[in-house]
Amino acid sequence: MAVTKKSNLSLIAFFVLLNFEIYAHQFFKGSLVIFVVIFAILGFLLTATILDTVAKDGHFRWHTFLVRSGRLLLVPLVAMLVLSLLGAWLFRPSLLKEVGIQIAATLGFVRNFWEMARGVGHSTPVVQQLFFQTWPVAVGVQLLLGWSFCLWGLSHLGRHAAKKVQWLRGTTCSLAIIAGVFGLAFLIRAAIIKSSVLSLSANTLTYLVPFSLGSIVACLTGNEVVPNHFRQQLLQNERHLSLIVGGGLLLVLSLFLPIQNRWQLLIAVLLGSLLALVILYGIRKVQVVRGRRFDLSIVPSLYQIYLLMWPANLILRGYFSQVGSPLFSFVIAVGLVTGAHWFNGAFSEHWRHYVSARRMWLGLMSGAVVLVMAGVTFSRVNSAVGQPAQAANSASTQSTPTADSTKTSQTQNTSVQKNTYVAQELKTAWNKILATTNSQAQIAVYSKATGQVVATSNVASGKTFNTASIVKVAVAAEMMKQRQEGKLTLTSSDEAYAQAMIENSDNDATTYLLANRLGGYDATKALFKGLNMTQTTADAEAWGTTTTTATDQIKLLNAIYYGTDGYLNTKSRTYIMDLMNAVESDQDWGVSAGATTYQLKNGWLNDDDGSWMVNSIGHVDEASTTGADYTIAVLTAENSDEDTGINLIESLASATHEILVKNN
């Protein structure tokens with residue numbers, strides 16, 4: 001059966017769409033739909049390969065299959081680790097944090113389970129990790145191992161059947177249906193019990209539905225060996241409509257479907273799975289009629305480029321723009337992969353006695369040498385250019401320091417100078433906005449990149465503001481703190497009230513939790529004391545008039561999003577982050593202005609004199625796109641109406657985002 005080269009073009013287009021979603025939007029948005037389709041294709045190819053092997057050879061050798069698969073997966077993975085570590089060591093040593101356990105998780109193909117074991121939510125900045133992109137590889141390997149073992153077992157059970165291949169197709173199809181139903185039940189249960197979005201996105205069981213559907217298509221249509229009933233059914237029934245419609249819907253779904261909560265993720269997985277089913281079935285109809293099969297010759301190269309692009313992008317992000325770093329990382333990845341294949345082909349005649357994997361290593365290691373040389377050159381040039389002009393003058397009046405101490409001092413000075421510059425730029429932009437309003441306002445921002453809090457206000461120092469509904473974040477934090485200390489056992493009702501309190505800003509739910517579960521309206525005072533929020537005071541009579549400052553709210557946000565002082569454990573933090581990530585669309589305003597990935601909580605209250613108090617607190621996480629990662633709190637009072645307060649907050653937030661992205 002002939003292969004079709006057009007499938008290579010389709011795979012390249014698919015690969016471009018995947019990377020567009022990852023680098024232009026966010027990792028777990030439209031890209032998740034693409035991964036759903038990828039795992040459906042994996043289910044099809046894996047099942048079809050095993051069925052074809054049994055049809056042609058009469059048996060399936062599991063160990064031989066694992067050895068071949070291991071070579072294809074491990075060599076590029078190890079090469080990516082080596083090149084990434086070299087690049088990070090030269091250009092961005094900060095990426096080497098916890099690199100040992102990252103490597104172990106990557107090579108052990110448990111990257112996704114490692115992420116979940118650490119309790120990270122999709123709002124957590126895990127995407128700064130050097131090998132984060134290998135989670136789909138871990139999912140794929142786990143599915144490959146489990147499914148191939150099951151089919152190996154079935155092939156042995158049916159080895160004495162009169163029609164071995166037909167028996168294996170039928171039992172495999174039945175097993176795939178059972179696996180798909182189990183995967184669907186898992187997703188529904190996870191949505192009901194409010195599992196974190198990242199835990200679902202990186203969980204192997206999430207992709208059982210598309211994987212099973214792909215396997216069912218393989219059982220029905222085959223690949224190299226086509227079942228007679230399918231061939232006869234399609235001889236007079238070749239249609240392209242399913243391909244056109246399915247591909248178009250997939251494109252729309254991947255570009256525009258929001259995935260901000262568990263139910264939206266469930267819908268995305270189901271829709272993506274159905275579209276994958278339509279596309280796969282349509283492709284097989286056309287291929288069988290034309291006597292074609294899948295051409296996968298370009299898949300290894302795309303896999304290698306995918307592995308290399310993520311760490312290259314992280315390493316280059318500090319030197320290029322938001323658009324430039326993905327483009328340059330793509331060029332580098334393509335160059336390294338092309339070089340490896342060139343070496344593999346150029347020396348194949350002379351080094352035939354070497355294993356092909358060794359030739360691949362030669363090409364990749366040559367690329368590593370080029371990278372090291374470029375890195376050393378770049379580092380020296382960058383150091384020379386970035387040296388302050390005053391350094392030469394001061395050097396003549398001081399004793400000559402050691403090389404190490406000079407380098408450390410220069411790095412520290414540059415960092416301090418940059419932080420000071422960013423802080424001054426923020427304050428200048430804020431004060432310019434505050435000069436145009438009659439409202440009272442405070443703003444504070446903590447940037448993970450600089451490690452400092454910057455704040456300003458147009459009111460007297462020490463002025464406090466009523467929290468209104470932003471205090472509900474503190475209520476949720478106090479609830480989780482009492483739970484982790486064993487003082488409170490959360491019920492399903494408690495969780496429902498907490499969800500309504502944060503996502504819908506339900507006042508009755510807040511009142512119930514404080515009055516009936518946490519100890520009263522001033523139950524949050526323990527939290528305020530524990531986080532050293534010295535300018536925040538709980539109101540025992542009316543929780544909405546708790547008073548606070550923007551800098552105190554940053555302490556609370558940092559405890560949630562960065563685990564400051566370990567006050568809240570990972571499970572508690574993830575729970576609150578997921579709630580703040582799923583606020584209703586009509587409340588999706590405020591500190592999110594200018595950002596694409598964020599979590600927030602807003603508060604608003606009409607005062608007795610007719611003026612409005614409007615507040616907004618939250619976290620912006622664009623580590624995978626712009627590199628911006630910060631917590632922000634804006635408190636306002638004496639607004640003529642609610643819209644005035646909202647506009648003021650969003651003006652301040654938008655200016656903040658622009659400056660922090662520019663200086664990231």
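**Exercise 1. How many bridges join β3 to strand β9, and in which sense do the two run?**

Step 1. This is a predicted model, in which local features need pLDDT of at least 70, side-chain atom pairs count only at pLDDT 80 or more, and totals for chains, interfaces and linings use all residues. Residues are numbered from 1 along each chain as its sequence is written, and side-chain values use heavy atoms, with hydrogens and water left out.

Step 2. Locate the strands: β3 covers residues 440-447 and β9 covers residues 628-639. Strands (E, at least two residues) and helices (H or I, at least four) are DSSP runs, numbered from the N terminus.

Step 3. Eight bridges join β3 to β9, and the two run antiparallel. Two strands pair if DSSP finds at least two bridges between them. Within β9, Tyr630 stands opposite Ser447.

**Exercise 2. Find the order of the strands in the open sheet, and its edges.**

Step 1. On another side of the pairing list, β3 and β4 (residues 452-457) are antiparallel over six bridges. Val453 in β4 is the bridge partner of Tyr446.

Step 2. Four residues lie between β3 and β4 in their hairpin, and Gly451 in the turn has a positive phi of about 75°.

Step 3. β8 (residues 612-622) pairs with β9 over 10 bridges, also in the antiparallel sense. Here Asn615 has Leu635 in β9 as its bridge partner.

Step 4. The order of the five strands is β4-β3-β9-β8-β7, with antiparallel pairing. β4 and β7 (598-606) each have a single partner strand, so one side of each is left without a neighbour in the sheet.

**Exercise 3. Decide whether Ala550 is buried or exposed, and list its contacts.**

Step 1. Ala550 belongs to helix α22 (residues 550-561).

Step 2. Buried means under 20% relative accessible area, exposed over 50%, and partly exposed in between (1.4 Å probe, protein chains only). Ala550 has 3% relative accessibility, so Ala550 counts as buried.

Step 3. Contact means heavy atoms within 4.5 Å. Leaving out residues up to four places away in sequence, Ala550 touches Gln442, Ile443, Ala444, Ala633 and Leu635.

Step 4. The C-alpha atoms of Ala550 and Val634 are 6.2 Å apart, although the two residues are 84 apart in sequence.

**Exercise 4. Decide whether Glu425 is buried or exposed.**

Step 1. Glu425 is in helix α17 (residues 403-434).

Step 2. Its relative accessibility is 17%, so Glu425 counts as buried.

Step 3. Not counting residues up to four places away in sequence, Glu425 touches Ile659, Lys662 and Asn663.
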